[in-house]
Amino acid sequence: MDKKKIAVLKGDYIGPEIMNAGLEVLKAATENQNFDYEINSVPFGGEAIDSEGVPLPDRTLQACKNSDAVLLSAIGGPKWDNAAKRPEAGLLEIRKKLNLFSNIRPTQISEAMQDYSPIKIEHEVNFVIVRELTSGIYFGTPRTKSAAGAVDTMSYSTGEIERVAKVAFDMAMRRNKHVTLVDKANVLATSKLWREVVGRIADSYLKVEFDCSYVDAMAMKVISEPEKFDVILTENLFGDILSDEAAEITGSLGTIPSMSVGENGPALYEPIHGSAPDIAGLGIANPISMIKSVAMMLENSFDRGDLATRINNAIEVAINKKVVTPDLGGKSTTTEVTSEIINNIRESSDNYATNNV
Ligand code: NAD
Ligand code: IPM
Ligand code: MN
């Protein structure tokens with residue numbers, strides 16, 4: 001069997017702590033499972049600024065392009081806030097250069113998670129945010145800053161909207177057949193274009209219910225009626241903000257993974273949160289976001305939904321047993337949560353083997 005090539009960008013501050021956890025779980029979940037892989041760990045973000053002077057060295061980009069999937073942990077932090085080119089610029093650059101225009105950020109509140117939510121959850125919550133990732137105000141020009149003023153530009157082409165909208169509608173077809181477009185079409189020209197273009201695409205997916213919401217109202221609905229959504233499609237900046245908000249209703253930002261995909265080439269998997277400098281080095285970072293990113297990779301890049309399910313079930317068991325880090329109100333360390341998840345995976349594999357003899 002051919003070896004899958006995984007590029008690993010371990011990140012800054014809590015980045016390496018949770019990446020180690022993710023890689024340990026990858027090893028445990030794939031043991032004796034006819035899944036062979038090799039890791040190519042390359043510098044990125046703050047680490048790469050320190051060692052090579054830029055956040056995205058050319059060899060790192062090439063290693064990612066030559067891989068079957070990219071695993072990335074969080075980058076950035078105060079150490080590089082005044083760098084000529086910050087780690088965050090490297091993140092935008094890698095997304096752009098790998099053409100990862102759609103970013104999938106799931107929010108799911110299972111029964112095990114309901115107690116951890118800061119809001120009262122009475123129905124199952126299970127939606128995904130499809131965030132446009134390589135355009136909008138993050139990339140538009142002109143972008144200028146002087147003592148007298150500053151300019152950022154939000155721009156979108158029809159083609160950029162169409163391709164990510166198709167990802168959202170195709171995803172809805174595999175889920176609960178409902179797409180909600182989030183925009184600010186009562187004000188912004190780009191949002192007006194989004195409504196027109198996405199409206200036309202919706203016409204060709206007759207089985208998918210389609211509606212629109214202004215982003216300010218959506219910020220409210222994520223809290224007041226999260227169970228109503230299935231696929232939320234939105235532009236880059238709104239998606240960034242809404243996905244952190246949505247994460248928080250699961251109990252912690254530290255539980256949410258993501259997947260970024262383009263037309264071809266490797267997909268990239270990363271937690272949605274940042275490098276959490278405030279808790280780095282304390283050994284208490286929640287590894288679930290990274291471990292779920294590993295599961296997403298196994299399912300989507302390697303067609304091993306079976307292994308992803310086993311990892312996700314093992315996470316559920318850990319949560320049910322309240323073996324969780326302090327962000328979820330627990331007392332466990334990153335290492336303890338990771339070991340618990342690995343034990344649960346091994347136990348489920350043993351049961352699986354016993355049941356199938
Ligand atoms: P952050 O997401 O790092 O942290 C926000 C809060 O959430 C903090 O209190 C942090 O402790 C907590 N948190 C985040 N992840 C956690 C985890 N796994 N376990 C427990 N608690 C967790 O946001 P920030 O503090 O605004 O940003 C810090 C740095 O990260 C900045 O340099 C920012 O630009 C960068 N950043 C990077 C990414 C990325 O790499 N994709 C994403 C967001 C922010
Ligand atoms: C994210 C982050 C990044 C973004 C930053 C660090 C550039 O917040 O991945 O959500 O805004 O996309
Ligand atoms: Mn963000």
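**A walk through a two-domain model**

Over residues 5-341 the chain is 40% helix and 19% strand, with the end C-alpha atoms 24 Å apart. Please keep in mind along the way that this is a predicted model. The stretch 5-341 carries a label in UniProt, where an unreviewed entry places the feature "domain: Isopropylmalate dehydrogenase-like".

Let us begin with the overall layout. The protein is divided into domain 1, made of 1-98 + 265-357, and domain 2, made of 101-256. Taken over C-alpha atoms, the centres of domain 1 and domain 2 are separated by 24 Å. Their contact takes 17 residues from domain 1 and 18 residues from domain 2. On the domain 1 side, the elements that give two or more residues are α4 (87-97), α9 (288-300) and α10 (305-320). By class, that side of domain 1 has seven nonpolar, six polar and four charged residues.

Next, turn to the interior. The largest nonpolar core has 100 residues, and those that touch the most other members are Val 25, Val 179, Ile 291, Val 294 and Ile 311. Helix α1 gives this core its largest share, nine residues. Both domains take part: the core draws at least three residues from each of domain 1 and domain 2. Val 179 makes a good stopping point. Leaving aside neighbours within four places in sequence, Val 179 is in contact with Ala 168, Phe 169, Ala 172, Ala 202, Val 208, Phe 210, Val 231 and Leu 233.

Val 231 also appears in the surroundings of Phe 127, a residue of strand β5 (residues 125-132). Is Phe 127 buried or exposed? Phe 127 counts as buried because it has 22 C-beta neighbours inside 10 Å, where 20 or more are needed. Not counting residues up to four places away in sequence, Phe 127 touches Thr 107, Pro 226, Phe 229, Asp 230, Val 231 and Ile 232. Phe 127 and Glu 227 lie 100 residues apart in sequence, yet their C-alpha atoms are 7.8 Å apart in space.

The backbone has a few details worth a look. Most residues other than glycine have a negative phi, and most peptide bonds are trans. Tyr 13 departs from the phi pattern, with a positive value near 50°. Tyr 13 sits in the loop between β1 (4-9) and α1 (14-30), and it is buried, with 24 other C-beta atoms within 10 Å. Lys 177, not a glycine either, has a positive phi of about 60°. This lysine is found in the loop between α5 (158-174) and β8 (178-183). Lys 177 counts as partly exposed because it has 15 C-beta neighbours inside 10 Å, a value between the limits of 12 and 20. As for peptide bonds, a cis one joins Thr 141 and Pro 142, with omega about 5°. Pro 142 itself lies in strand β6 (residues 140-146).

Finally, visit the ligands. Around ligand 1 there are 21 residues, of which Gly 76, Gly 254, His 273, Gly 274 and Asn 286 come nearest. The shell around ligand 1 has nine nonpolar, eight polar and four charged residues. Which residues are around ligand 2? They are Gly 76, Glu 88, Leu 91, Asp 240 and Ile 272. By class, this shell divides into two nonpolar, one polar and two charged residues. Gly 76 thus links the two stops, since it is named around ligand 1 and around ligand 2.

Methods: Residues are numbered from 1 along each chain as its sequence is written. Chains are lettered from A and ligands numbered from 1 in the order in which they are written. This is a predicted model: local features need pLDDT of at least 70, side-chain atom pairs count only at pLDDT 80 or more; totals for chains, interfaces and linings use all residues. UniProt positions are given in the numbering used here, feature names are shortened, and annotations may be inferred rather than shown by experiment. Helices (H or I, at least four residues) and strands (E, at least two) are DSSP runs, numbered from the N terminus. A residue is near a molecule or strand if its C-beta atom, placed from the backbone, lies within 6 Å of it. Ala, Val, Leu, Ile, Met, Phe, Trp, Tyr, Cys and Pro count as nonpolar, Asp, Glu, Lys and Arg as charged, and the others, Gly among them, as polar. Domain bounds come from an automatic or database domain assignment. Two residues are in contact if their C-beta atoms, placed from the backbone, lie within 7 Å. A nonpolar core is a set of buried Ala, Val, Leu, Ile, Met, Phe, Trp, Tyr and Cys residues joined through C-beta atoms within 7 Å.
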